[in-house]
Amino acid sequence: MKRELWNQDWFGPFAVTVLAIVIVGALKPSFLSPFNIQILLLAISVNALVAFSQMVIIAIGQMNLSVGAIGGLAAISFAGMMEVWGLPWPVAAVLSLGIGLLAGLTNGLLCAYTGISAFVITLATLSVFKGFNLGITEAQPFYDVPEMVKWLGNATVLGPIPWLVLPFAVSAVALWYLLFRLPLGRSVLAVGGNTHAAELSGISVPRIVVFAHSVSGLLAAMAGIMLVARLQLGQPSIGDDWLILSFAAPIIGGAVLTGGRVSVGGTCCGVAIVAIITQVLVLFNIDPFLVQVVLGGLILWAVGVNRIREVRGQRKAAAAGI
Amino acid sequence: MSGIEIDSAAVPEAAPKQGRQLGPLQRFMLSNEFGLIVLIVVFAVVFWTVSPMFLSKFSLYALGRTSAVNIMIGFSMMVVIVTGGLNLAVGAIGVCAAMACGWLMQAAGMNWVFATLGGLAVGGLLGAVNGVVIVRSGLHSFVITLATMSIMFGMMIFLTQAESYREISPVFTGFGRMKLWGVVPPMLLMTIVVGVLLWVLFTFGSLGRQILAAGANPAAAELSGINVGNMVIWCHALSGMLAGIAGFMLVSRTGAAIPSMAGQLGQDWLLPAFLAPVLGGTLLTGGRVSVLGTLLGGFLVTMLTGGLLLMQVGAFWIQTYLGLLLLLAVLLDLARRSYLARNKLV
Amino acid sequence: MKAPVFEAGNVTKVFPGVLALDEVNLKLASGSIHALLGENGAGKSTLIKIMTGVHRPDGGVMKIDGQPFSPHTTRDAISSGVGVVYQERNLIPQFSIAENIFLERLSAKPLQRIDYPALYADAQKWLDLLEIDARPETQVDKLNVARMQLVEIAKALSLNTRILLLDEPTASLTQHETETLFGILNRLRENGASLVFVSHKLEEVQEICDRVTVLRDGRNACESRALHGLDRQDIVRLMIGRSEQIPQWNQRDISGDKVALDIRNVATQDGHRDINFQLGKGEVLGLYGLVGSGRTELAKALIGAGNVTSGEIRIDGEIAKIGSVADALHQYGIGYVSEDRKGEGLILIHSVLENAGITVWKRLKNAFGLLSDRAVVNSVDPVLKKLEVRTPSSRQIVGNLSGGNQQKVSVAKWLAANVKILIVDEPTVGVDIKTKAYVHELIRELADSGTSILLITSDMPEMVTVADRILVMDEFELRGEIVNDRNYDLVSERIMHHIHGSNEEAAE
């Protein structure tokens with residue numbers, strides 16, 4: 001735990017984030033205007049939950065292609081339950097979170113007990129969940145979102161800090177506490193680090209896999225619900241563009257795709273970096289289409305850096321012989 | 001846990017694990033391909049009973065055209081799966097190649113032959129880039145192609161400004177509308193020809209066998225004088241070209257090169273791309289391939305989609321059925337394999 | 001003998017088609033280090049897996065302190081005080097030493113906050129006890145192999161383990177690390193622990209153990225006998241059922257033969273320095289070295305799978321430029337039979353024909369790059385016949401063949417390619433005695449027919465039986481060369497002298 005600051009997983013991405021804020025702020029003072037900060041925080045809050053959803057699965061060394069589909073399904077369920085059934089928004093939100101949890105649970109059970117790769121399972125369920133979404137909405141949005149929800153999606157608590165930061169901050173702290181302080185979360189990382197050893201130490205691997213996928217589903221659903229509040233309507237296309245982002249942020253944050261190593265702080269910085277870059281493209285009138293190019297480039301850069309660090313670490317260990 | 005692992009040396013020399021000997025016919029009847037043929041026949045009968053329209057000339061023609069594209073997309077993924085990797089960028093590359101082809105025809109005013117060759121080269125090149133980055137970095141193809149699908153698609157949208165190319169050569173569009181003997185689309189024949197070529201490559205080609213060896217066990221292949229890195233690059237280049245061909249087929253069918261023809265980042269191709277080879281029994285861990293299986297798998301998927309639409313189950317639910325189909329297929333395959341293993345029929 | 005801590009009576013285990021254990025008995029006393037010996041496949045690992053709850057016995061009883069003991073899972077075994085340190089690492093690389101030691105304890109209470117300071121303090125006690133010179137918060141992937149092993153021992157001991165099984169614990173340790181480990185094991189013995197030591201290295205067994213149980217073909221060849229008074233020959237006789245026979249093969253005259261492979265001042269990226277040797281045509285040159293001494297790495301560098309950084313390789317007198325395995329094979333006719341048959345030697349999911357033919361595809365393809373099966377069969381079949389590969393057909397999946405037949409296939413592919421120089425790396429690991437003798441004869445036959453062979457092995461009897469000359473490698477350097485006069489005691493003593501002698505010099 002008492003590693004040097006610059007050796008911490010989150011330090012690199014954090015330094016980049018600070019540097020980016022300073023440089024962009026100096027070049028374009030409007031970047032640091034309260035309004036712009038609010039926009040940034042809104043984007044970060046939702047995207048961070050998307051990234052966390054994938055991060056939990058990366059922690060066990062798997063992947064979840066259905067993050068976006070779960071988020072979209074929860075989003076339209078949330079909006080639909082309010083519009084069609086007239087449910088009060090807290091009830092609709094809890095039920096939609098339940099749907100996300102259930103979707104994640106399904107993924108987890110299939111991955112844990114069939115032995116089929118998570119890639120194939122979640123590709124299939126991606127299609128199933130997306131199909132539910134389209135079947136229910138017939139590709140038409142739900143427009144009738146209660147004022148309270150609309151207000152929560154855009155109002156600020158204090159200065160430029162929007163209400164939506166709250167669920168993000170709570171999940172971040174909770175996830176950190178889970179993964180780095182509770183044995184349950186340590187078991188998640190242990191399974192990702194060395195499945196066989198975890199099993200021999202009495203950890204029930206299938207249960208941990210199911211747990212991780214359930215958490216992932218829950219987080220994706222939360223992101224979907226928050227997006228409904230922010231967009232002020234239940235778009236069926238919510239979640240369609242989450243795939244790249246969900247991997248980019250954890251990887252930028254130092255996560256290793258083979259499992260066992262993720263960083264909550266790093267992932268947050270990864271999300272922030274992506275949000276800042278997107279903003280910069282807008283502020284400097286650069287073609288917004290290039291966002292995709294930059295995102296892909298960031299992933300390549302980050303996996304490259306992680307890889308170099310890994311190789312160096314091994315070499316150092318071999319040389320020092322400790 | 002290694003429940004039934006025993007020392008290989010503990011197995012007596014004189015008892016090779018060999019079950020009953022099977023004739024070629026029995027062997028075929030236990031194969032995945034035979035199962036697919038049965039399914040295709042069964043579903044064809046079901047759809048025809050429910051709606052005789054299913055076997056109408058028009059319906060069969062449409063089925064042929066769509067399946068040609070889906071099978072081609074499946075081939076494009078298949079040739080990467082055999083190396084034990086995967087290519088998330090099939091859709092992105094396919095669209096890039098098609099857009100390049102469209103640009104060459106419309107903006108550069110090229111003749112369709114050169115435009116096609118140019119588009120094919122773009123597809124192959126983008127695929128090769130994937131391969132080179134994967135081999136050089138030593139990272140898994142999943143994360144590399146995830147990144148490159150975003151980069152390639154983004155670059156394409158940036159360069160085209162999300163505009164379609166509609167001045168497509170009449171030869172091209174004519175090809176898409178042509179009917180042979182009233183029902184057969186030439187596209188399907190083209191797909192079958194590509195399938196035969198791939199089959200020859202993997203069955204008789206020295207390169208194909210080296211690819212399979214490299215996919216099944218890279219370390220052993222490398223120590224037997226096979227350049228595994230080159231094999232991976234070849235496969236990705238081939239995958240890019242096949243994705244390009246699938247893109248051209250869509251262009252010739254719709255008469256325009258449209259940036260959104262494969263959805264956001266080309267993601268819409270992912271499901272058919274995996275469905276066909278997985279249904280067809282191509283091993284996801286690499287080293288084993290079934291071209292015929294992929295062809296039948298792609299056909300089955302298209303037929304089911306078409307049939308369900310015809311039965312008016314609601315176009316919006318199709319995706320759910322396809323997802324369930326993929327799940328069912330992998331679970332059935334699991335059951336089949338464990339049955340064969342239990343009865344020592346493999 | 002005191003009342004045994006652990007007792008196994010008539011334990012039997014049947015796997016489909018194989019009687020892995022046939023009424024095996026074992027008694028362990030407290031304060032003792034018990035050697036469990038046997039050839040590969042004799043049933044040692046099956047017995048260990050039954051004791052640790054991985055497998056369940058089909059017959060017989062086990063008792064701990066006289067109470068019946070029948071573990072269903074590894075967890076049951078652990079809670080009864082039976083722990084194991086396997087050869088492969090069973091640690092979570094990204095976790096700290098302390099967390100790894102207490103992983104079992106942590107997972108019992110999933111929702112109770114981990115008290116890290118207390119965890120580190122507890123772990124420190126175990127580190128002190130085992131004299132592990134590292135901080136408890138260090139991540140284990142930053143440790144070397146020896147310390148990881150000690151952490152595993154600490155992990156096992158922290159669970160109140162009274163019976164600790166050590167599976168080949170010294171396999172990847174240096175001499176010095178082994179001595180440290182033995183010091184610790186001795187101390188544990190004095191504290192009353194009951195240790196089971198599984199090893200192939202009989203010298204080590206004689207140094208550290210006090211009792212011995214030998215398994216042969218799944219049966220007790222001897223049971224819980226005092227080691228005192230047994231010499232190496234006795235133990236070997238128990239293990240293989242007869243005395244260690246060194247077939248007295250006649251000395252071959254190799255002096256007049258031409259040099260096939262000439263290595264001059266070769267250095268590699270792996271750390272080899274000043275490697276010089278010559279391999280004559282039709283000669284069997286042995287390369288002796290322990291695991292980790294750099295033998296396999298040298299072989300791989302020579303066939304183009306590693307990097308030669310300086311020096312000269314001459315083949316038939318000509319300077320060779322080997323850039324890849326393909327170069328080595330197709331231009332210079334060098335082949336390499338890997339020690340890791342399943343990982344590097346064979347493609348288990350492919351057929352015998354594909355495996356044996358992999359080296360000839362490039363040669364046999366036509367102008368269009370196509371191959372005819374008949375051409376491949378023609379060049380592979382004679383070899384398969386010559387090696388007497390037993391398979392229903394050449395279409396059989398290699399993974400379904402027995403170990404010995406698999407080994408033959410991994411040799412066959414090089415013979416099909418007509419290599420002139422064959423590097424054979426530990427060819428008899430994991431094969432039974434009959435096949436072993438067959439492999440030895442095969443190597444000899446190949447050499448007689450003009451193939452030059454570099455035989456890498458750490459099996460001393462094998463070396464003395466087969467090699468004409470022996471090179472000794474240690475710490476990536478060649479320590480000496482011995483002409484093999486087939487006198488086992490003399491030759492093995494000289495080999496050991498080259499290794500230990502150099503260690504002593506290095507220590508000065």
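**Reading helices, interfaces and a buried strand**

User: What should the 16 residues of helix H7 (residues 175-190) of chain C span at 1.5 Å a residue, and how far apart are its end C-alpha atoms?

Analyst: The expected span of a helix is 1.5 Å times one less than its number of residues. For H7(C) this gives 22 Å, and the end C-alpha atoms lie 23 Å apart, which agrees. Helices (H or I, at least four residues) and strands (E, at least two) are DSSP runs, numbered from the N terminus. Just after H7(C), Gly192(C) adopts a positive phi of about 100°.

This is a predicted model, in which local features need pLDDT of at least 70 and side-chain atom pairs count only at pLDDT 80 or more, while totals for chains, interfaces and linings use all residues. Residues are numbered from 1 along each chain as its sequence is written, and chains are lettered from A and ligands numbered from 1 in the order in which they are written.

User: At what angle do the axes of H3 (residues 57-81) and H12 (residues 270-279) of chain B cross?

Analyst: Axes are lines fitted to C-alpha atoms, for helices over the stretch in contact, and angles run from 0 to 180 degrees between N-to-C directions. Angles under 35 degrees count as roughly parallel, over 145 as roughly antiparallel, 65 to 115 as roughly perpendicular and the rest as oblique. Here the axes come within 7 Å and cross at roughly 70°; H3(B) and H12(B) are therefore roughly perpendicular. Among the residues making the contact are Ile73(B) and Met77(B) of H3(B), and Phe274(B) and Pro277(B) of H12(B). The contact has 10 nonpolar, three polar and no charged residues, where Ala, Val, Leu, Ile, Met, Phe, Trp, Tyr, Cys and Pro count as nonpolar, Asp, Glu, Lys and Arg as charged, and the others, Gly among them, as polar.

User: How many residues of chain C are in contact with chain A?

Analyst: Two residues are in contact if their C-beta atoms, placed from the backbone, lie within 7 Å. By that criterion, 25 residues of chain C touch 24 residues of chain A. The largest share of the chain C side, four residues, comes from H4(C).

User: Is strand S13 (residues 284-288) of chain C buried or exposed?

Analyst: In a regular strand, side chains alternate between the two faces of the sheet. Five of the five residues of S13(C) are buried, so the strand is largely enclosed by the rest of the structure. A residue is buried if 20 or more other C-beta atoms, placed from the backbone, lie within 10 Å of its own, exposed if 12 or fewer, and partly exposed in between. Val284(C), Gly286(C) and Tyr288(C) cover one side, and Leu285(C) and Leu287(C) the other.
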